[in-house]
Amino acid sequence: MVQLYDDERIDFLLAKQNMRIIQSPTVFAFSLDAVLLADFTYVPKTRGKILDLCTGNGVIPLFLSTRSDVPITGVEIQERLYDMACRNIELNKLNTQLDMIHGDLKDMPARYGNRKFDLVTCNPPYFPTPQMDERNINEHLAIARHEIYCTLEEVIEACSRLAKSGGKVSMVHRPERMVEIIELFRKHRLEPKRMRLVYPKEGKEANTLLIEGTRDGKPGLKILPPLYALTSEGEYTSELKEILYGK
């Protein structure tokens, strides 16, 4: 049995009843955004390799391992989260498919050189760095949410340099930064190919952006149907239930 620290707990990985995940409310617990990105992205099934940047406790590699047999590597800058991700691999006996790197995503292009990935996924910090007195006092949460160690452009540039020509880059972010993301994708040779907006419920503004680009791809963006999280009664929609818990 893997060791737990402080307020850590072991949860089911949603629909994957044979999988578990170590979480902590004060250090890291995965959000709906990670689940949506793992469901949205293209995934190579049997050939190639996947890299997940800003991996946190390794939740996206865990989800993707249920859809693919290829090697999956996660990169996390926070040592405590990296350790949690390593223990999640051990907990689920996925050591032969998954591995983790404790490091800065900005250093990964130099580390990998020409060994490029078929898919790069990322659930990056969403918000520009605020003043010190405006940050979350919890350092782990502040780093995960704010661009303290990497800007949006640095994230996208790293994703592009790590994806092979024709490879995919998938990201979850906030809709208010959609124009900036598309501009940066194109600046760094990622052609936006698929996009989906997620809404809390009908009649509300979108609060989540899912976007996928192809390195050196041809122009042509598909806007997928909207995804609504809740019904008017406040229950999960049937589509979100299927994403969360399976059919």
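Where is the place of Arg174? In this predicted model, Arg174 sits in the loop that runs between strand E7 (163–173) and helix H7 (178–187). Although the residue belongs to a loop, Arg174 is buried, with a relative accessible area of 19%; the cut-off for buried is under 20%. Follow its side chain and you will find a polar contact of 3.2 Å with the side chain of Asp33. Leaving aside neighbours within four places in sequence, the residues in contact with Arg174 are Asp33, Tyr126, Asn207, Thr208 and Leu209.

Asp33 makes a handy stepping stone to the next stop, since Asp33 is one of the buried residues of helix H1. The others in that list are Ala34, Val35, Leu36, Leu37, Ala38 and Phe40. With seven of its nine residues buried, H1 is largely enclosed by the rest of the structure.

One of the partners of H1 is helix H8. The axes of H1 (residues 32–40) and H8 (residues 238–245) come within 10 Å and cross at roughly 85°, and the two helices are therefore roughly perpendicular to each other. On the H1 side, the contact is made by Leu32, Val35, Leu36 and Asp39, which meet Leu240, Ile243 and Leu244 of H8. Sorted by class, this contact has six nonpolar residues, one charged residue and no polar ones. The spacing of such residues makes sense in general terms: an α-helix has 3.6 residues a turn, so residues three or four places apart point the same way.

Now let's turn to another loop, the one between strand E3 (50–53) and helix H2 (59–65), where Gly58 is found. Gly58 counts as buried, at 2% relative accessibility. Not counting residues up to four places away in sequence, Gly58 touches Ala85 and Met100. Gly58 and Ile22 are 36 residues apart in sequence, and their C-alpha atoms are 9.5 Å apart in space.

Finally, a word on the cysteines. How many disulfides does the count come to? The count is zero, and the distances help to show why: a disulfide needs two cysteine sulfur atoms within 2.5 Å. For Cys54, the closest cysteine sulfur is that of Cys122, at 3.7 Å, which is too far for a bond. The closest cysteine sulfur to Cys159 is also in Cys122, at 4.8 Å, again too far for a bond. As for their surroundings, Cys54 is partly exposed, with a relative accessible area of 21%, while Cys159 is buried, at 0%.

Key: Residues numbered from 1 in each chain as written. Predicted model: local features only at pLDDT ≥ 70, side-chain atom pairs only at ≥ 80, totals over all residues. Heavy atoms only, no water. Axes fitted to C-alpha atoms, helices over the stretch in contact; angles between N-to-C directions. Helix = DSSP H or I, 4+ residues; strand = E, 2+ residues; numbered from the N terminus. Parallel < 35°, antiparallel > 145°, perpendicular 65-115°, else oblique. Contact = heavy atoms within 4.5 Å. Nonpolar A, V, L, I, M, F, W, Y, C, P; charged D, E, K, R; others polar. Buried < 20%, exposed > 50% of the residue type's maximum accessible area, 1.4 Å probe, protein only. Polar contact = N/O pair within 3.5 Å; in protein donor to acceptor, adjacent residues only side chain to side chain.
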